[in-house]
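Please look through the sequence and the 3D structure shown here before reading on.

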Amino acid sequence: MTESGTAPRLGALRATYAARRPPWTGYVVGGVLLFGGGTPLLVALLVGGAGPLPVLAFSIGYAGYVWMLVDRVELARRGKGARLDLHERGAVVTLGGGSVHTFDWDTVRVHQDVLHSRKNGITTSSHVYTLIGTDGVACTIGDSGRISSSRYAGIVTHVKGAEFAEPEQWGPAVVRAVGEAQLGRVLEEAANGRKLEFNTIALGLHGVEHKERTLPWGRVSELRVVNGRFHVKEEGRRSLAMDVPVSAIPNFPVFHTVAKRLHEATRRP
């Protein structure tokens, strides 16, 4: 396990999530249609003198299918024996290879990257979470088809975990548990004047800092989250003073609550 100690220190087990099983049916049917039906058609086109375009088109189709098949095989490998255990005071992520990583709620940094899309009246969501322990081990779990574009500080080793079932349940549960464990301490640190760094953005009693620019709270007109990005607006300006992806900010609910408290404190009469 990463970090010191074992799972018992994390308290009672609250929930366990197994890895999703890749949907093989569609790939098998697709392979039969592509190779069983497409190849004879390609041969017939070539014999009939159709030229190089059919070869190019079918080559792209074959390559795309093989790429997707390899991706599914890799997903199945990572998911074999993998599990996510949520405890009272932390989480245990067991990888497909058998290695185990433990994260305490009161010290872990969690980057959340959740995307929602709507098509034909149906909303779908993609969940990616990266948990970073005090030892610098980062474990990314969730949608394997998407990689967050954000960069995280303090990582020594980065491992990719499985796609666990029901991310709409375990994702918010992880974020909520971290907030419950850390918010009180972080608010106290802010009240004592400590500068709080959240990857590329920092908070303090006197303002918010990002990319070597500090904006005093008195000049901040609004803090808001829009389409997965955290926006800071400055008094008297129409353009954004700061624009940071939510996925780049660890423990975002904690960060957001502290930022709002500090901002509101300067606007009280």
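The report below goes from the whole protein to one helix and then to two loop residues.

This is a predicted model, in which local features need pLDDT of at least 70 and side-chain atom pairs count only at pLDDT 80 or more, while totals for chains, interfaces and linings use all residues. Residues are numbered from 1 along each chain as its sequence is written, and side-chain values use heavy atoms, with hydrogens and water left out.

The protein has 4 helices and 15 strands, where helices (H or I, at least four residues) and strands (E, at least two) are DSSP runs numbered from the N terminus. Of its 269 residues, 43% count as buried; buried means under 20% relative accessible area, exposed over 50%, and partly exposed in between, with a 1.4 Å probe and protein chains only.

Helix α4 (residues 252–267) has 16 residues and reaches 23 Å from its first C-alpha to its last, close to the 22 Å expected at 1.5 Å a residue, the expected span being 1.5 Å times one less than the number of residues. Among its buried residues are Phe252, Val258 and Leu262, and the cover over the buried residues of α4 includes α3 (167–191), β5 (109–119), β13 and β14.

Two residues that are not glycines have a positive phi, as the table shows.

| Residue | Phi | Relative accessible area |
|---|---|---|
| Lys211 | about 55° | 70% |
| Asn227 | about 50° | 78% |

Lys211 is found in the loop between β11 (207–210) and β12 (213–216), whereas Asn227 is found in the loop between β13 (220–226) and β14 (229–234).

Methods. Contact = heavy atoms within 4.5 Å.
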